[in-house]
Amino acid sequence: MTISVNQLAEARCALETPLYADVGGDVAVSFEFVPPKSEKMDEQLWDAVRTLEPLGPEFVSVTYGAGGTTRERTHATVARIQRETSLAAAAHLTCVEATREEIDQVAEEYWAAGVRHIVALRGDPPQQGARFSSHPGGYENAADLVAGLRRLHPFEISVAAYPESHPDSPSTAADLDNLKRKLDAGATRAITQFFFEPETFFRYRDAVAAAGISAQIVPGIMPVSNFASVKRMSAMCGTAVPPWMARLFEGLDDHPPARQLVAATVAAELSRRLYAGGVKHLHFYTLNRAELAFAICHLLGVRAKPAAAAAAA
């Protein structure tokens, strides 16, 4: 059997790469939560918040439903995190189904509540599959929203980036142009849509640099707690699901503990390779389930910060 130079290089890298426990832990992390829809989900959310708080994340963000459907719940969750924990809370805000004045009022309420970080997004229409159209008198797109927020207060602003291009983008070049407009409007960083192979991010990072964009691009990591659900989400947002992932999760539907172990291993390996490629900030989409994110962070050497641990006690 002939072994190629690339295979030898890959094998050497795998053998020489330190085990998880030896990773330095100098990676920053952040987490995304979703606003709860019921009392049980509220308990799950706050259990996740308290579990992850001691890790001292850079920030935690709370999503905003399509068409602004979770506006009140998002605001209540963000305000409570800001008020009752040591965490820096970031609120998602979109352009959908609201005038500029209405969106500005929401942003003003966040500022008054001590929230200084906004994740500014165009947003999805309330009807799944519908095309986005700006609300009469509303912000036209995410770049317009970023500029509007900048006029209000000196918010820290994160925006979205798409390693495999946004489904509505006519081309990769157009997608990168849109990212540049958002950052030029005053955004601080971009957080990517989830992806499953490190090369996807590295190719995108190279393309971003070639486009003259120097802002921080933070990879978004989605631990696969439910493979069928992730496949559906991936199809909606244009994320490729590699065949090897389907093989890994095959036969695990009736074995939740084993599925969790596999999910943690897959996401931790992705995170480790990103770290080896120079990534020093990882953003985890938790879906309000703390165990996977906590385990992955532990493997990467992220441990409880003394101050955060004391505040959570």
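User: Which residue in β7 is the bridge partner of R189?
Analyst: In this predicted model, β6 and β7 run parallel and are joined by four bridges. β6 covers residues 189–194 and β7 covers residues 216–221, and in β7 the bridge partner of R189 is Q216.

User: How many of the six residues of β7 are buried?
Analyst: A residue counts as buried when its relative accessible area is under 20%. By that cut-off strand β7 is mostly covered, and the number of its six residues that are buried is five.

User: In what order do the eight strands close into a barrel?
Analyst: Strands of a sheet pair through backbone hydrogen bonds, either parallel or antiparallel. Here the pairing is parallel, and neighbouring strands of this sheet are turned by 30° against each other on average, direction ignored. The eight strands close into a barrel in the order β1-β2-β3-β4-β5-β6-β7-β8.

User: Which residue in β4 does A91 stand opposite?
Analyst: Strand β3, which spans residues 89–94, runs parallel to β4, and five bridges join the two. Strand β4 itself comprises residues 117–121, and the residue there that A91 stands opposite is I118.

User: Is A120 buried or exposed?
Analyst: A120 has its place in strand β4, and leaving aside neighbours within four places in sequence, this residue is in contact with L93, A142, L145, V146, L149, I157, S158, V159 and A160. The C-alpha atoms of A120 and L145 are separated by 6.7 Å, although the two residues are 25 apart along the chain. Because the relative accessible area of A120 is 1%, the residue is buried.

User: At about what angle does helix α6 run to β5?
Analyst: Helix α6, made up of residues 172–184, lies across three strands, namely β5, β6 and β7. Relative to β5, which covers residues 156–161, the helix runs at about 180°.

User: Which residues touch the most other members of the largest nonpolar core?
Analyst: The largest nonpolar core has 63 residues, and apart from it lies another core, of 23 residues, among them I191, M222, V230 and F249. L179, which belongs to the larger of these cores, is in contact with V159, A160, A161, A190, Y204, V208, I213 and I217 when its neighbours within four places in sequence are left aside. The residues of the largest core that touch the most other members are F31, L149, V159, L179 and F284.

User: Which residue in the salt bridge of R50 and E53 is buried?
Analyst: The side chains of R50 and E53 meet in a salt bridge, with a distance of 3.0 Å from N to O. R50 has a relative accessible area of 33% and is therefore partly exposed. At 1% relative accessibility, the partner that counts as buried is E53.

User: Why are E84 and R80 separated by about one helical turn?
Analyst: E84 forms a salt bridge with R80, the closest N and O atoms being 2.9 Å apart. Both residues count as partly exposed, because the relative accessibility is 36% for E84 and 28% for R80. They are separated by about one helical turn because they are four residues apart in helix α3, residues 71–84.

User: How far apart are the closest N and O atoms in the salt bridge of E269 with R272?
Analyst: E269 and R272 are three residues apart in helix α10, residues 256–276, so about one helical turn separates them. E269 is partly exposed, with a relative accessible area of 22%, whereas R272, at 15%, counts as buried. In their salt bridge the closest N and O atoms are apart by 2.8 Å.

User: What percentage of the residues of the chain count as buried?
Analyst: The chain has 313 residues, and its secondary structure comes to twelve helices and eight strands. Its accessible surface comes to about 15,200 Å², of which 53% belongs to carbon and sulfur atoms. Of the residues of the chain, the share that counts as buried is 47%.

User: Among contacts between residues at least 6 apart in sequence, what percentage join residues at least 24 apart?
Analyst: A contact here requires heavy atoms within 4.5 Å. Among the contacts in the chain between residues at least 6 apart in sequence, the percentage that join residues at least 24 apart is 80%.

Technical notes:
Residues numbered from 1 in each chain as written. Predicted model: local features only at pLDDT ≥ 70, side-chain atom pairs only at ≥ 80, totals over all residues. Heavy atoms only, no water. Buried < 20%, exposed > 50% of the residue type's maximum accessible area, 1.4 Å probe, protein only. Salt bridge = Lys/Arg side-chain N within 4 Å of Asp/Glu carboxyl O. Core = buried A, V, L, I, M, F, W, Y, C linked by side-chain atoms within 4.5 Å. Pairing = 2+ DSSP bridges. Axes fitted to C-alpha atoms, helices over the stretch in contact; angles between N-to-C directions. Areas by Shrake-Rupley, 256 points an atom, 1.4 Å probe, with all protein chains shown as cover.
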